[in-house]
Amino acid sequence: MLMIDEQDYRLREAVVAYHETKEPFYLPCSLSEGEDVFLATSDGIVAYAEVLFQERTKRPEDPFWVAETDETEGDYVCLDLIGVDLRHPLLKKELLSFEEGKVTSDQRCLLLQAWREGYGQNHVQTIAEAKKRRRENFLERNHFKPLDENCSKCGLTDHAILEWHLNGEAFETVCPNCHAKIHREEVAYADEHAT
């Protein structure tokens, strides 16, 4: 867990910009190559990233720094963003009493599960698609019809992984693979008919 003071570095703006451009960026920290890290502000977690490498250097140029540089050398990690979500449920809540630094393997599993469950915007490319997916997620969590016994697309019967898909105003039971395929097809259809 890496806590960033936004009076020193505008983390939210930075993760959005670097996620769009797919560029890695530097933050002051000492971590090993390949480690994964949650990036958080005082409000909560906003991104999940992987450490590409660490080096001892002067602070790299970055337009999102607020604090003045003092030209002293320090440890910086180069980060590659895996996921960004400024509306994640982990925001505006206590961070499950986690503090900056290493978390135990149990805490890491809890955080990863919470991140993955709340981070459902990985197949969307527009604000309209994101709003639609958030509405779907809300309805999925707030209706009371039980899941069917199998996937309506492929027939998979592993009930532990079946999930809902909002089709019009009705829900259908699908497996994660078919669910992702449905969303890819919806995006492709929208792109095809937009041109």
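How many disulfides does a search of the whole structure find? The search returns 0 disulfides, a disulfide being a pair of cysteine sulfur atoms within 2.5 Å. Cys 154 is accordingly in no disulfide, and the nearest cysteine sulfur, that of Cys 151, lies 3.8 Å away. Cys 154 counts as partly exposed, at 48% relative accessibility, whereas Cys 29 is buried, with a relative accessible area of 16%. Here buried means under 20% relative accessible area, exposed means over 50%, and partly exposed covers what is in between (1.4 Å probe, protein chains only).

The model is a predicted one, in which local features need pLDDT of at least 70 and side-chain atom pairs count only at pLDDT 80 or more, while totals for chains, interfaces and linings use all residues. Residues are numbered from 1 along each chain as its sequence is written, and side-chain values use heavy atoms, with hydrogens and water left out.

We turn now to the sheet. Five strands form an open sheet in the order 1-3-4-5-2, with mixed pairing. Helices (H or I, at least four residues) and strands (E, at least two) are DSSP runs numbered from the N terminus, and two strands pair if DSSP finds at least two bridges between them. Strands of a sheet pair through backbone hydrogen bonds, either parallel or antiparallel. The edges of this sheet are strand 1 (2–3) and strand 2, each of which pairs on one side only. Strand 2 runs antiparallel to strand 5, and 4 bridges join the two. Within this pairing, Tyr 26 has Cys 78 of strand 5 as its bridge partner, and Pro 28 has Tyr 76 of strand 5. Helix 1 packs on the sheet, where it touches strand 2, strand 3, strand 4 and strand 5, and its direction makes about 60 degrees with that of strand 5. Contact means heavy atoms within 4.5 Å; axes are lines fitted to C-alpha atoms, for helices over the stretch in contact, and angles run from 0 to 180 degrees between N-to-C directions.

In a regular strand the side chains alternate between the two faces of the sheet. Strand 2 shows the alternation nicely: Phe 25 and Leu 27 point to one face and are buried, while Tyr 26 and Pro 28 point to the other and are not. Both Phe 25 and Leu 27 also appear in the largest nonpolar core, where they are listed with Tyr 9, Val 15, Leu 39, Leu 79 and Leu 81 as touching the most other members of its 24 residues. Helix 1 (11–21), strand 2 (25–28), strand 3 (36–41), strand 4 and strand 5 are the elements that give two or more residues to this core. Strand 5 gives the most, with 5 residues. A nonpolar core is a set of buried Ala, Val, Leu, Ile, Met, Phe, Trp, Tyr and Cys residues joined through side-chain atoms within 4.5 Å.

Charged pairs come next. Side chains of opposite charge can pair when their charged atoms come close. With a salt bridge taken as a side-chain nitrogen of Lys or Arg within 4 Å of a carboxyl oxygen of Asp or Glu, the count comes to 5 salt bridges. One of them links Arg 12 with Glu 6, the closest N and O atoms being 2.8 Å apart; Arg 12 is partly exposed, with a relative accessible area of 27%, and Glu 6 is partly exposed at 27% relative accessibility. Glu 13 forms a salt bridge with Arg 10, with the closest N and O atoms 3.2 Å apart. Another joins Glu 71 to Lys 58, at 3.9 Å between the closest N and O atoms. Glu 71 lies in the loop between strand 4 (44–58) and strand 5 (73–84) and Lys 58 in strand 4, so this pair ties together parts that are 13 residues apart in sequence.

Further along the chain, strand 6 (residues 163–167) and strand 7 pair in the antiparallel sense over 5 bridges. Their hairpin has 2 residues between the strands, and Gly 168 takes a positive phi near 70 degrees there. Glu 163 has Val 174 of strand 7 as its bridge partner. Strand 7 (residues 170–174) is mostly covered, with 4 of its 5 residues buried. Pro 176 is in helix 4 (residues 176–194) and counts as partly exposed, at 33% relative accessibility. Leaving aside residues up to four places away in sequence, Pro 176 touches Ile 161 and Glu 163. The C-alpha atoms of Pro 176 and Glu 163 are separated by 6.9 Å, although the two residues are 13 apart along the chain.
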